[in-house]
Structure formats: structure tokens, C-alpha cells
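Biologist: I should like to learn how to read a structure of this kind feature by feature. May we begin by looking at it together?

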Amino acid sequence: MKKMVLSLILAVMACAMMAQEHMTFKGVEINGPKKEFVEQLKEKGFVYDGEENGVVIMRGDFAGYGDCEVAVITAGGEDVVTAVGVMFHEREEWTAIEADYNTLKTMLIEKYGRPYNVVEEFNGRVFDDNRLKFSYLTSDKCQWSSIFETELGVIELYMQQTKVDKAAVIMRYYDVANTEMQKSTAIDDL
């Protein structure tokens, strides 16, 4: 009896996994028309904040951080969502942004396992001075990123300058199925 119940549970789990073809963001599949995706995020508590160059900007809480900026991205002139980006709080010092990055990286490792690519360097230099580290970050002289692969997509976590003397941690979710579909359409144009 136990074997039959276990087999049934495993079969149901396998069907549920096969049914999901797209990466999710806050439980919403990264798929479908931009307008529908935005409406689903509104139901999750995000607030519409405008649109810039075809990218919808929203605000809301994410991964324990309040008032994050969320970008809903389509590609290639299509109206199908292919990626979602999150910009966390802007920081003005290295210790604050490094703490954000390390906290988020640890949570991603717990959920998805080790990243397949990590680059955390100041163009080959080593510094003990946090002011110098932040100066390198805000002058685009360092790369600090971790990339996680899943069957359904890629998650990129990185630090980036946002304004003069300010930077933020950014996380992007890329859906493989829709990215490949967009790429295929582009190749067909050639």
C-alpha cells in the first residue's frame, strides 16, 4: 500500500512539473502578453509605476526587501514577456551593497543550488578599503555577478551603478522557452 501511495504521489509531482513550461516570478509564469502579466503582478501587490521604452516599471516588496523596482521585459518587438528584472535599494557604500548581494545570493543558492558562473573581482585587483571598492563599482571597474541555471530559465544576480555615487543589486529572471522563441523568430528574419 505504501509503495502504491508513493508511486501515485511521484506521478502527480511529475505531471505538475511537466505542466510548468516557464520560469516563474512571485508564482506567476514569465509568459503571455505583457498586460496580462502586469495584471497578475498587481494581484500580488505590485503597483504600476509607468512604462519606459516598452518596459513596464512596477514597485513592490520582493525577497524581504520593500519598495523594489520591477521591470517587465519583452523582446524583439513581441508582446510576450521574456524576462523580469528587480532593482533592490540603491546604496552609497560597499558594505551595504555587498550585504544585499550576499543575502540574495545565499537565498538563491538555498533554492536553486550553486551558481554555474560567479565573477566577483575588481579587474584582477584586491582591496581592503571599502571606499575604494565602491569607487570601482560606481566607475564600472569591477564585475560582481552570480548566474544560476534552472531547467526553465536563468537567474542573474549582479551589482551595477545606478547614478553617480550610487549602485544597487539587480536580479533578472530569463525564461528559456520565450527567449528561445524570440531568438527563433529573429533567426527566421535572416
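Biologist: Which residues in the largest nonpolar core touch the most other members?

Modeller: Please keep in mind that this is a predicted model. The largest nonpolar core has 39 residues, and those that touch the most other members are Phe25, Phe37, Leu41, Phe88 and Met171. Helix α3 (residues 94-112) supplies the largest share of this core, five residues.

Biologist: Where is Met171 found, and what does Met171 touch?

Modeller: Met171 lies in strand β10. Its relative accessible area is 3%, so Met171 is buried, the cut-off being under 20%. Leaving out residues up to four places away in sequence, its contacts include Phe62, Val84, Phe88, Leu104, Leu108 and Ile155. Leu157 is also touched by Met171; the two are 14 residues apart along the chain, while their C-alpha atoms are separated by 4.5 Å.

Biologist: How should one read the burial pattern of a helix? Which residues of helix α2 are buried?

Modeller: The general idea comes first. In an α-helix there are 3.6 residues a turn, so residues three or four places apart point the same way. In helix α2 (residues 34-43), the buried residues are Lys34, Phe37, Val38 and Leu41. They lie on the same side of α2, because the arc they cover around the axis is only 100 degrees. The face turned away from this buried side carries the exposed residues Lys35, Glu36 and Glu43.

Biologist: Against what do the buried residues of α2 pack?

Modeller: They pack against β1 (24-25), β2 (28-29), β3 (47-52), β4, β5 and β6. Phe37 offers an example: apart from residues up to four places away in sequence, Phe37 touches Phe25, Val28, Glu29, Ile30, Asn31, Val72, Val81 and Val84. Just after α2, Gly45 has a positive phi of about 105 degrees.

Biologist: Is Val28, among those contacts, buried or exposed?

Modeller: Val28 is buried, at a relative accessible area of 4%. This residue is found in strand β2. Beyond its neighbours within four places in sequence, Val28 is in contact with Met23, Phe37, Gln40, Leu41 and Lys44. Val28 and Val38 are ten residues apart in sequence, and their C-alpha atoms are 9.9 Å apart in space.

Biologist: Let us turn to the strands. In what order do the eight strands of the open sheet stand?

Modeller: To read a sheet, one follows the strands from one edge to the other. Here the order is β3-β4-β5-β6-β10-β9-β8-β7, with antiparallel pairing. The edges are β3 and β7 (117-121); each has a single partner strand, so one side of each is left without a neighbour in the sheet. From one strand to the next, the twist averages 25 degrees.

Biologist: Which strands does α3 touch where it packs on the sheet?

Modeller: Helix α3 touches β5, β7, β8, β9 (153-163) and β10 (166-175), and its direction makes about 175 degrees with that of β9. Helix α4 (residues 130-138) also packs on the sheet, touching β9 and β10. The direction of α4 makes about 55 degrees with that of β10.

Biologist: How many bridges join β4 to β5, and how many residues lie between them?

Modeller: Strand β4 (residues 55-62) and strand β5 (residues 65-74) run antiparallel and are joined by six bridges. They form a hairpin with two residues between them, and Ala63 in the turn has a positive phi of about 55 degrees. Across this pair, Phe62 stands opposite Tyr65, and Val56 stands opposite Val72.

Biologist: What joins β5 to β6?

Modeller: Six bridges join β5 to strand β6 (residues 81-87), and the two run antiparallel. This hairpin has six residues between its strands, with Gly76 in the turn at a positive phi of about 65 degrees. Ala71 stands opposite Gly85 in β6.

Biologist: Finally, how many disulfides are there?

Modeller: A disulfide requires two cysteine sulfur atoms within 2.5 Å, and the count comes to zero. Cys68 counts as buried at 0% relative accessibility, and Cys142 counts as buried at 11%.

Conventions. Residues numbered from 1 in each chain as written. Predicted model: local features only at pLDDT ≥ 70, side-chain atom pairs only at ≥ 80, totals over all residues. Heavy atoms only, no water. Pairing = 2+ DSSP bridges. Helix = DSSP H or I, 4+ residues; strand = E, 2+ residues; numbered from the N terminus. Core = buried A, V, L, I, M, F, W, Y, C linked by side-chain atoms within 4.5 Å. Buried < 20%, exposed > 50% of the residue type's maximum accessible area, 1.4 Å probe, protein only. Contact = heavy atoms within 4.5 Å. Arc of directions from axis to C-beta. Axes fitted to C-alpha atoms, helices over the stretch in contact; angles between N-to-C directions.
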